[in-house]
Amino acid sequence: MFESIEVQPLIEQYAIPWGIALAQAVVIFVVGRWIALGLVGLLRRIMNRSRLDETLVTFLTSILKAILLLVVIIAALNELGVNTTSLVALIGAAGLAIGLALQGSLQNFSSGALLVLFKPIAKDEFVEIAGVSGTVEEIHIFHTVLRTPDNKQITIPNAKIFNDILVNYSRRDTRRVDMVFGIGYDDDIDKARGIIEGIIAEDERVLEDPAPVVKLNELADSSVNFVVRPWVNTADYWPVKWDVTEKVKKAFDEQGVSIPFPQRDLHVYNENAA
């Protein structure tokens, strides 16, 4: 039976074409893999020079590497004569299903990438996000960690940060301190203004430009209110606010200027009185 098999036609019709196809597939895979790894390495160097977050760089290069290697494998299989159309469709359907399942995570990832790229916040900056205030400790791909002034750790999804109102208190070099001081209706307005202006002028941390503002702002129910708005370096915001408040209270006490508290006049009538 084996004697009737002609070896030469088998070699010419099957072995040689399959061998050539296999060799071409191997070359495509080896060269394609080399090119893919070279592109991934080039992208990594470019992103490192841009000083992007290392976690983001690793994640992006891993995704790119997987995609490029998948393309190389499909090209090699196609060279062997494998019908890759159904394989590509299957991979696309699987990718769509995974994307829908990880929709929230992918949204956090894309928001994290944008946070790293555009840098609306940075490590050690004091920010307010969705009503929560704290110092930025870590910015990860999927979430950001804040430390509150009372030393609580808060983890916020990056999508929440990017889609909500974000207040960065540390980004600007200077800030305006807004304070309100009230005096009694019987007190001397000019005297009170002079006391406040003197305290502001003596504080070396208060900037001359923009000039501080001390103005009579409101005739309230129980007090006459001054708005006091000095400009300071951002790092001096709270020390200046606390110190000025304390000094104004002590100076008002020494100079006889009252700081009224809410009060109500009550008039009592005796119906039986003559």
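A pocket, as the word is used here, is an open set of grid points where a 1.4 Å probe fits, with protein on both sides within 12 Å along at least five of seven lines. Rolling a probe the size of a water molecule over the atoms shows where empty space is left. In this predicted model, the largest pocket holds about 220 Å³ of space. Its lining is made by Phe126, Tyr169, Ser170, Arg175, Thr234, Ala235, Tyr237, Trp238 and Pro239. Sorted by character, the lining comprises six nonpolar residues, two polar ones and one charged one. Arg is among the residue types that count as charged, and Arg175 is one of the lining residues. Helix H7, which covers residues 237-255, gives the largest share of this lining, with three residues.

Helix H7 comes up again among the salt bridges. Side chains of opposite charge can pair when their charged atoms come close. The structure holds ten such salt bridges, and a few of them can be followed one by one. Within helix H7, the side chains of Lys250 and Glu246 form a salt bridge, with 2.9 Å from N to O. These two residues are four apart in the helix, about one turn. Lys250 is partly exposed at 47% relative accessibility, and Glu246 is also partly exposed, at 43%.

A similar arrangement can be found in helix H6, which spans residues 189-202. Here the side chains of Asp190 and Arg193 meet in a salt bridge, at 3.0 Å from N to O. The two residues sit three apart, again about one turn of the helix. Are these two partners exposed or partly exposed? Exposed means over 50% relative accessible area, so Asp190, at 55%, counts as exposed. Arg193, with a relative accessible area of 23%, is partly exposed.

Another salt bridge reaches between separate elements. The side chains of Arg205 and Asp243 meet at 2.8 Å, N to O. Arg205 lies in the loop between H6 and strand E8 (213-219), while Asp243 belongs to helix H7, so this pair ties together parts that are 38 residues apart in sequence. Both partners are partly exposed: Arg205 has a relative accessible area of 24%, and Asp243 has 28%. The pair also has company, as Asp203, Arg205 and Asp243 are linked in a network of salt bridges.

The loop between H6 and E8 has a further feature in its backbone. Pro210 is found in this loop, and a cis peptide bond joins Asp209 to Pro210, with omega at about 0°.

Two other loops hold residues with positive phi that are not glycine. One is Asp124, whose phi is near 75°. Asp124 sits in the loop between helix H4 (103-118) and strand E1 (126-129), and counts as exposed at 56% relative accessibility. The other is Asn151, with a phi of about 70°. Its place is the loop between strand E3 (143-147) and strand E4 (153-157). Asn151 likewise counts as exposed, at 60% relative accessibility.

Ser223 offers a contrast in accessibility. This residue is found in the loop between E8 and strand E9 (224-229). Buried means under 20% relative accessible area, so Ser223, at 12%, counts as buried. What separation do the C-alpha atoms of Ser223 and Gly184 have? They are 5.1 Å apart, although the two residues are 39 residues apart along the chain.

Finally, the surface carries a nonpolar patch of about 1,100 Å². Leu22, Val26, Val27, Phe29, Val30, Val31, Trp34, Ile35, Leu39, Leu42, Ile46 and Ile73 make up this patch. Which element gives the largest share of the nonpolar patch? Helix H1, running over residues 7-49, provides eleven of the residues. Phe29 is one of the patch residues and lies in helix H1. Patches are made of residues with over 30% relative accessible area; Phe29, at 34%, is partly exposed.

Technical notes:
Residues numbered from 1 in each chain as written. Predicted model: local features only at pLDDT ≥ 70, side-chain atom pairs only at ≥ 80, totals over all residues. Heavy atoms only, no water. Patch = residues over 30% accessible without salt bridge, like charges linked within 9 Å, V, L, I, M, F, W, Y side chains within 5 Å. Areas by Shrake-Rupley, 256 points an atom, 1.4 Å probe, with all protein chains shown as cover. Salt bridge = Lys/Arg side-chain N within 4 Å of Asp/Glu carboxyl O. Buried < 20%, exposed > 50% of the residue type's maximum accessible area, 1.4 Å probe, protein only. 1 Å grid on protein atoms, 1.4 Å probe; cavity = no way out; pocket = protein on both sides within 12 Å on 5 of 7 lines; lining within 4 Å. Points joined across faces, edges and corners; volume = space filled by probe spheres on them.
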